[in-house]
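Biologist: I have a model open in front of me and would like to understand its empty spaces and a few of its elements. Could you take me through them?

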Amino acid sequence: MSFFTHLECTHCKTEHDAKQIQNVCRQCGKALYARYDLEKVARAFDQRELMRRTPNLWRYHELLPVNDLSKIISLGEVNTPLLNATKLARRLNLKKLWVKDESRLPTGTFKARGLAMAVTKAHELHVKRLAIPSAGNAAEALSAYAAQAGMEAFIFMPQDAPLSNQLASHMHGAKVFLVDGLISDAGKIVAAGKSICDWFDVSTLKEPYRVEGKKTMGLELAEQLNGELPDAILYPTGGGTGLLGMWKAFEELEAIGWIGKHRPRMIAVQSSGCAPIVKAFEANKIDAEMWSNAQTLAPGIRVPKPFADTLILRAIRESEGTALSVTDDEIVKAIHTFAQIEGIPVCPEGAATLAGLEKLIARKEIHPTDRVVLFNTGTALKHMDLITAPSFPILDPKGLIDFQRLTQPSH
Ligand SMILES: Cc1ncc(COP(=O)(O)O)c(C=O)c1O
C-alpha cells in the first residue's frame, strides 16, 4: 500500500488535496511534490520484502502516489541494468564506473517511468484527455501509456523533433502537432489551450507525478548498490525531472533509515548550445535565464529555461555537485566511444555524460577513487541519423571476392 498523504508546494509549502487533479501551486505557481508519511513507511516497509517483489518500478509502492494498485497503467517496465563499465573505467583511470541503462524501458527511454506514473494517476483521477509539450521522447511515452489507458493524447513538439518520436506518437494514436519553435513555445500552446480544450497539462514539473516516476531511478540505484550510493552521478539535464526525482528519492530513503547522510554529487550535463543551468550555476544565481537560440543535436537537453530551475540549482549545490556543458562534436565522439568500447548503444543525451566525465577528470574534479554513475537515458536507435555512414563496399556474391583485402585495416 501507499503512504502518500498530500501534495505540497516546493516553494511556499501550501498543502494541496491529492484527491483532486492538480498542476502547480494555486498560491505561488511553483511545482508541487507528493509527500508521504515517512515515519509510517519506516515502520511498515521492510527492505527484505523488496526481494520478493517483481523487479519493476511499482515495487516501491509504499513510496509512490498510487492509491489503487489495480489501476496501474503498465507496459511491462523493468528494473534497468547498472552496467559495470570496466573498460571505460580503466581507460579513464577510475576505480568504479557504472552506466545505468534506461534504454531498456518501454518506448526506449527513461521517460516511461514518469509517464507511467502520470498516466496512472490521471487515470485514477478520471482524466480523459492529456496534453504535453515535449522534445520528443516524453511525447512518445505519453502516447503509448495513454493508448494503454484508453485516453486521448495531444502532442506538441518542435518541428525538428526526431522523426522517430513524431511517427511513433502518431502510431500510438496521439494527435500530433509540430510547433515552429522550441519546447518552451510548445508549452505556451498547451497552457493557452487548457481552458478551451479541457485537457490536463502534463508538462515537466507542472504536473506532480512524473517526478515520482523518475524518483524510482534513485530508489532502484540505491537498491542495486545495497544502499552505498556512488560519489557522483552525471545526468543529462533538460527539464531536470530525473535529477530532482533522484534527489527526492535519496531524501526519502534517508528519512526511512535505508541510507545514511552520504549523497552523490549531482552533476548536470548540458549542451554548450543550450546551457541555462550551467550559466546560472557558474554565475551563482538561484534561477536560470531564458537561453536564446538554443541549439543542440541532443533534443532532450534543448530546454531553454527549465520550469524547476531553482530546485535543480539548489539540489546541485546541496549535493556539492556541479554543472558543465559539452559540445555536439564531443557528444557524437562519446556515442562512438560508448558503442565501441563497451558495446552500449546510447542516445546523444546519455553520451553527453561521458563527454562531461572526461572533462571533469581532466579538471581533477572527479578523482580516480570516485565511484561514478553515468545515466544513459535512452536508446541510440532513434538517432541513427547522427552516425555518418561510410560508403560500405558492395560485394558481388557471384564474382571472386578478395578476402585478404576485406580484412585490411581500412575496414
Ligand atoms: C533522452 C533524454 N535524456 C534526458 C532528457 C532530460 O530529462 P530531464 O527532464 O529529466 O532533465 C530528456 C528529456 O526530454 C531525454 O529525452
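Biologist: How many cavities of 30 Å³ or more does the structure hold?

Modeller: This is a predicted model, where local features need pLDDT of at least 70, side-chain atom pairs count only at pLDDT 80 or more, and totals for chains, interfaces and linings use all residues. Residues are numbered from 1 along each chain as its sequence is written, and side-chain values use heavy atoms, with hydrogens and water left out. On a 1 Å grid over the protein atoms alone, a cavity is a set of points where a 1.4 Å probe fits but cannot get out. Counting those of 30 Å³ or more gives one.

Biologist: Which charged residue lines the largest cavity?

Modeller: The lining, meaning residues with an atom within 4 Å of a point, is Ala135, Pro158, Ala161, Leu182, Ile183, Pro299 and Arg302. Ala, Val, Leu, Ile, Met, Phe, Trp, Tyr, Cys and Pro count as nonpolar, Asp, Glu, Lys and Arg as charged, and the others, Gly among them, as polar. That divides the lining into six nonpolar, no polar and one charged, and the charged one is Arg302.

Biologist: Which element gives the largest share of the lining of the largest pocket?

Modeller: A pocket is an open set of points with protein on both sides within 12 Å along at least five of seven lines. About 660 Å³ of space lies in the largest one, a volume being the space filled by probe spheres set on points joined across faces, edges and corners. Of its 41 lining residues, the closest to the centre include Ile183 and Thr204. The largest share, four residues, comes from helix H6 (183-197), helices being DSSP runs (H or I, at least four residues) numbered from the N terminus.

Biologist: Which strands are the edge strands of the open sheet of three strands?

Modeller: Strands are DSSP runs of E, at least two residues, and two of them pair if DSSP finds at least two bridges between them. The order here is S2-S1-S3, with antiparallel pairing. Each edge strand pairs on one side only, and these are S2 (15-16) and S3 (32-36).

Biologist: Which residue in S2 stands opposite Leu7?

Modeller: Strand S1 (residues 4-9) and S2 run antiparallel and are joined by two bridges. Across from Leu7 in this pairing stands His16.

Biologist: What residue just after H10 takes a positive phi?

Modeller: Helix H10 covers residues 309-318, and its buried residues (under 20% relative accessible area, 1.4 Å probe, protein chains only) include Leu311 and Ile312. Just after H10, a positive phi of about 60 degrees is taken by Glu320.

Technical notes. Buried < 20%, exposed > 50% of the residue type's maximum accessible area, 1.4 Å probe, protein only.
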